[in-house]
Amino acid sequence: REKISKRGKTRIKQVLAVIVLVPLAALSLWTVYRTSYPIELRQAGEWLAGNGGKGSRIMSRESSTSWYADGMMVVLPYASVGDVIDYGHRNNADFLVLQRRMVEQLRPELERLMDPAQAGPQLTPVYHERIGTDLEVIIYRIMP
């Protein structure tokens, strides 16, 4: 009975090890062999760092832009355009960063902001790259 018990325990440990290690190995391989890396937010942050955004408060859903700009992140709320601008004012945000992929998937109420002509007077576009693609990024200066 002890041999069966020891064998059973050993098998359970082996199965658990496989369950844990196989997904980790697959994820590691996927990361290494992935051919494209989403660097558009990093580039936007680096642009901000070199163009007056260093030390700024940057409202975004992702932290990478504010990190590369050497700024502070203000989390983008789930809200309408007007409420987002009001939230930015209340939190002293200097810039608003939007990415087309994020807007389409997670914040469709902000869709009109992907077109600078529809942004309104409280947002001034300062950076707009990869226009018309999923990787499109636009940065607005939030006006007082």
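So, strand β3, residues 95-99: that's the element that gives the most to the lining of the largest cavity, three residues in total. Keep in mind that this is a predicted model. How many cavities of 30 Å³ or more does the structure hold? Just one, and the space inside the largest cavity comes to about 40 Å³.

Who's around it? The lining is Leu41, Ser60, Arg61, Glu62, Val97, Leu98, Gln99 and Met102. If you sort that lining by class, you get four nonpolar residues, two polar and two charged.

Let's stay with Arg61 and Glu62 for a second, since both are on that lining list. Their side chains meet in a salt bridge, 3.3 Å from N to O. Buried or exposed, or in between? Glu62 is partly exposed, at 33% relative accessible area, and Arg61 is partly exposed too, with a value of 33%.

Okay, salt bridges more widely. Searching the whole structure turns up six of them. One I'd like you to look at is Glu40 with Arg101, where the closest N and O atoms are 2.7 Å apart. That pair links distant parts of the chain: Glu40 sits in helix α2, residues 40-50, and Arg101 in helix α5, residues 100-106, so to speak 61 residues apart. Glu40 has 2% relative accessibility, so it counts as buried, the cut-off being under 20%. Arg101, on the other hand, is partly exposed at 27%.

Now move to Arg100. Its side chain meets that of Glu136 in a salt bridge, 2.7 Å from N to O. Why does this pair tie together separate parts of the chain? Because Glu136 is in the loop between β4 (123-129) and β5 (137-142), while Arg100 is in helix α5, and the two are 36 residues apart in sequence. Both ends are buried: Glu136 has a relative accessible area of 1%, and Arg100 comes in at 16%. And there's a bit more here, as salt bridges with shared partners join Arg100, Glu104, Glu111 and Glu136 into one network.

Last stop, the outside. Which residues make the nonpolar surface patch of about 680 Å²? They are Ile12, Val15, Leu16, Ile19, Val20, Leu21 and Leu24. Take Ile12 as an example: you'll find it in helix α1, residues 2-33. Ile12 has a relative accessible area of 54%, and since exposed means over 50%, it counts as exposed.

Notes: Residues are numbered from 1 along each chain as its sequence is written. This is a predicted model: local features need pLDDT of at least 70, side-chain atom pairs count only at pLDDT 80 or more; totals for chains, interfaces and linings use all residues. Side-chain values use heavy atoms; hydrogens and water are left out. On a 1 Å grid over the protein atoms alone, a cavity is a set of points where a 1.4 Å probe fits but cannot get out, and a pocket is an open set with protein on both sides within 12 Å along at least five of seven lines; lining residues have an atom within 4 Å of a point. Grid points are joined across faces, edges and corners, and a volume is the space filled by probe spheres set on the points. Helices (H or I, at least four residues) and strands (E, at least two) are DSSP runs, numbered from the N terminus. Ala, Val, Leu, Ile, Met, Phe, Trp, Tyr, Cys and Pro count as nonpolar, Asp, Glu, Lys and Arg as charged, and the others, Gly among them, as polar. Patches are made of residues with over 30% relative accessible area and no salt bridge: like charges are joined within 9 Å, nonpolar side chains (Val, Leu, Ile, Met, Phe, Trp, Tyr) within 5 Å. Accessible areas come from the Shrake-Rupley method with a 1.4 Å probe; for residues, only the protein chains shown count as cover. A salt bridge is a side-chain nitrogen of Lys or Arg within 4 Å of a carboxyl oxygen of Asp or Glu. Buried means under 20% relative accessible area, exposed over 50%, partly exposed in between (1.4 Å probe, protein chains only).
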